[in-house]
Amino acid sequence: MPSGSPEVTSGPPLVEMRDIHKSFGGVHAVEGVSISVMAGEVVGIVGHNGAGKSTLIKILSGAYQMDDGAIHVNGNPVGIGNPRDAKRHGIETIYQDLALHDNLDAVANFFIGREIHTRYGTLDNAAMERAAREVINRINPSFVSLRDPVLSLSGGQRQSIAIARAIYFNAKVLIMDEPTAALGQRETRAFKDLVLRLKSAGIGMLVISHDIHDVFDLSDRITVMSNGRQVGTRHTADVTKDQVLGMIILGKLPEEGTEEELAQLH
């Protein structure tokens, strides 16, 4: 478990995907994958391009519908047929492009499509700015550019808007796709601090990343996928980076790979 992170809470998982299958034509993009995330836990999902990671999270986010399997939220079976269903169950996806409107400021991006109105039916700009400022500053205390077009903001500031927006609208589970890919070294450190704050608030996170170092820094557990299948899931504290690399490249669990095979990975 990452240093300084709180204990993962007991009880049923916030979200559990059981024996998920998805095919496109004759190609099995996801085949029998099961994954769960608890409150206050970060689960990393790693694997080569084409491993099935993106397809799996698109099923959970409602962008794709699974062919077979089940999704449970807080221990109860649910149907997720579209992104609205996912949001209704507290599941929000922070895609790599962050889905922000570059010409609008943070407040407008925060409430687009879900604006606050006065009793007279007009936009309550003051209420929206207060709400956006409170949540964004809680996510990123150094954020000051609330009224600048987001096109002019740094990658970390843009990411803060997307995450704060999800939290404000009651997200319990965040799916993050390559969250540090567009960040510099300083902003990556700030993001890791943010993850600890989100964990403390009981938010569960599924993090997809090609950066094995980031995955180790962020995750409590790591799930490795290969060719649509699940190689295995391990507690981060119980494996080395070489062992996870072996799971990715060899498609074998740590106890199945030989020292010679692991040595050839370097």
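The exchange below asks how labels given to this predicted model follow from its computed values.

User: What makes β6 and β10 the edge strands of the sheet?

Analyst: The open sheet has six strands, in the order β6-β7-β8-β3-β9-β10. Strands β6 (91–94) and β10 (229–235) each pair on one side only. That puts them at the edges. The pairing across the sheet is mixed, and the twist averages 20 degrees from one strand to the next.

User: How do you know that β3 and β9 count as paired?

Analyst: Pairing needs at least two bridges between the strands. Strand β3 (residues 42–46) and strand β9 (residues 221–226) are joined by four, and they run parallel. One of the partners is easy to find: Ile-45 bridges to Thr-223 in β9.

User: And what makes β9 and β10 a pair?

Analyst: The cut-off is again at least two bridges. Six bridges link β9 and β10, in the antiparallel sense. Ile-222 stands opposite Arg-234 in β10. The two strands form a hairpin with two residues between them.

User: What is unusual about phi at Asn-227?

Analyst: Most residues other than glycine have a negative phi. Asn-227 is not a glycine, yet its phi is positive, at about 50 degrees. Asn-227 sits in the loop between β9 and β10.

User: Why is Asn-227 called exposed?

Analyst: Exposed means over 50% relative accessible area. Asn-227 has 65%, so it is exposed.

User: Which residue in strand β1 also has a positive phi without being glycine?

Analyst: Asp-19, with phi near 50 degrees. Asp-19 lies in strand β1. Its relative accessibility is 41%, so Asp-19 counts as partly exposed.

User: Why is Leu-60 called buried?

Analyst: Buried means under 20% relative accessible area. Leu-60 is at 0%, so the label follows. Leu-60 lies in helix α1. Beyond its neighbours within four places in sequence, Leu-60 touches Val-15, Met-17, Ile-71, Ile-80, Ala-86, Ile-91, Ile-175 and Leu-206.

User: How do you know that helix α1 packs on the sheet?

Analyst: By its contacts. Helix α1 (residues 53–61) touches β3, β6, β7 (173–177), β8 (204–208) and β9. The direction of α1 makes about 135 degrees with that of β3.

User: What makes up the largest nonpolar core?

Analyst: It has 37 residues. Those with the most contacts inside it are Ile-136, Ile-163, Leu-174, Met-176, Leu-198 and Met-205. Elements giving two or more residues are α3 (106–111), α4 (125–139), α5 (155–168), β7, α6 (185–200) and β8. A second, separate core has 27 residues, among them Ala-51, Val-73, Ile-91 and Val-173.

User: What does Ile-163 contact beyond its neighbours within four places in sequence?

Analyst: Ile-94, Ile-139, Leu-174, Met-176, Phe-191, Leu-194 and Leu-198. Leu-174, Met-176 and Leu-198 are also listed among the residues with the most contacts inside the largest core.

User: Why does Arg-158 count as buried?

Analyst: The limit is under 20%. Arg-158 has 16% relative accessibility, so Arg-158 is buried. Its place is in helix α5. Leaving aside neighbours within four places in sequence, its contacts are Asp-97, Leu-98, Leu-100, Asp-102, Val-150, Leu-151 and Leu-153.

User: What makes the approach of Arg-158 to Asp-102 a polar contact?

Analyst: The N or O atoms must lie within 3.5 Å. The two side chains meet at 2.9 Å, and the pair is listed as a polar contact.

User: Why is the pair of Phe-24 and Tyr-64 called edge-to-face?

Analyst: Two tests apply. Ring centres must lie within 6.5 Å, and planes over 60 degrees apart count as edge-to-face. Here the centres are 5.3 Å apart and the planes make 70 degrees. Both tests are met, so the name holds. The structure holds six aromatic pairs.

User: What does the pair of Phe-24 and Tyr-64 tie together?

Analyst: Parts that are 40 residues apart in sequence, because Phe-24 lies in strand β1 (residues 15–24) and Tyr-64 in the loop between α1 and β4 (68–73). Phe-24 is partly exposed at 38%, and Tyr-64 is partly exposed at 27%.

User: Which residues form an aromatic cluster?

Analyst: Phe-110, Phe-111, Tyr-168 and Phe-169 form one cluster.

Notes: Residues numbered from 1 in each chain as written. Predicted model: local features only at pLDDT ≥ 70, side-chain atom pairs only at ≥ 80, totals over all residues. Heavy atoms only, no water. Axes fitted to C-alpha atoms, helices over the stretch in contact; angles between N-to-C directions. Contact = heavy atoms within 4.5 Å. Core = buried A, V, L, I, M, F, W, Y, C linked by side-chain atoms within 4.5 Å. Buried < 20%, exposed > 50% of the residue type's maximum accessible area, 1.4 Å probe, protein only. Polar contact = N/O pair within 3.5 Å; in protein donor to acceptor, adjacent residues only side chain to side chain. Phe/Tyr/Trp six-rings, centres within 6.5 Å; stacked < 30°, edge-to-face > 60°.
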